[in-house]
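Biologist: Let's go through the empty space in this model. Please fix the terms before the numbers.

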Amino acid sequence: MKRVLITGGSRGIGAACVRAFAGEGYRVFFTYKTSDNAAAALAEETGAFAIKADVSVAEDMARAANAAGGVDVIVNNAGISQIKPVQDITEDDWDRMMAVNVKGMFLTVKAFLEGMIHNKYGRIINISSMWGEEGGSCEVHYSASKAAVIGFTKALAKELGPSGITVNCISPGVIDTEMNAHLSSEDTAALTEETPLCRTGSPTEVASAALFLASDRAGFITGAVLPVNGGIVM
Ligand code: NAP
């Protein structure tokens, strides 16, 4: 049975990944930060193992790796966003964004990589964003953090390829999760209008892409940025 670690699995895209991987017969471990009830309910529903661990804290991720043991697949999904004009972004806002979205991915890989190198097999899937590709107004720190996910992915793909480990990222467009709950209906309508497929995406559609990148069918794909965005960025 293949084993997968999904960070930020309690809600949204991460929860869809938990359901999708569990549905394909994976042994699923997922982390979360605060949503105890949602995590417990999802663990009960799917048979997945929930671990309360902040991705931005090295000790938490080391504890998560101890609890889970080795995994074949890592989905670096945990993330935060914030909308603010650049003059209003505080140093704390900036540091928190980078700590969760960038350092969290680094700490997770460090904590879980050893077994993959030993097995000469692994799949690492990082969740970036269309704003990391093209920049989002009033989301400078979020966009910079998601651009960093792409750079991290490509560098790590080169480094780990000889160890039989692929490293790819998914770049979602506008996906229906709580992260976008702040959008007004006018904002959502404007984004939908800009999207060639004329709708927002579902968390399940991102999870399907993650399942594909984790599968043997994606064995010769590494360092790629896979858009799941309805065509809003090409
Ligand atoms: P979401 O609904 O807000 O869920 C975020 C998840 O991340 C939750 O499970 C949350 O755990 C977890 N998390 C946040 N901070 C954490 C931390 N420090 N340590 C551990 N877990 C943490 O977000 P989403 O929309 O599913 O987004 C998932 C990923 O996709 C993010 O990386 C996001 O940037 C990216 N993305 C989303 C969209 C979109 O339109 N939704 C588009 C592009 C990219 P708790 O429940 O415990 O808080």
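Modeller: On a 1 Å grid over the protein atoms alone, a cavity is a set of points where a 1.4 Å probe fits but cannot get out, while a pocket is an open set with protein on both sides within 12 Å along at least five of seven lines. Lining residues have an atom within 4 Å of a point. Points are joined across faces, edges and corners, and a volume is the space filled by probe spheres set on them. The model is predicted, and totals for linings use all residues. Residues are numbered from 1 along each chain as its sequence is written.

Biologist: How many cavities of 30 Å³ or more?

Modeller: One cavity. The largest cavity has a volume of about 90 Å³.

Biologist: Which residues line the largest cavity?

Modeller: Among them are Thr7, Val55, Asn76, Lys146 and Val149. Helix α4 gives the most, four residues (helices are DSSP runs of H or I, at least four residues, numbered from the N terminus).

Biologist: Pockets now. What volume has the largest pocket?

Modeller: About 1,000 Å³. It is lined by 46 residues, and the closest to its centre are Gly79, Ile80, Ser81, Thr177 and Met179.

Biologist: Which element has the largest share of that lining?

Modeller: α7, with four residues. α7 spans 185-194.

Biologist: And the second largest pocket, what volume?

Modeller: About 170 Å³. Of its 15 lining residues, Arg199, Thr200, Gly201, Asn229 and Gly230 are the closest to the centre.

Note on methods: Predicted model: local features only at pLDDT ≥ 70, side-chain atom pairs only at ≥ 80, totals over all residues. Heavy atoms only, no water. Helix = DSSP H or I, 4+ residues; strand = E, 2+ residues; numbered from the N terminus.
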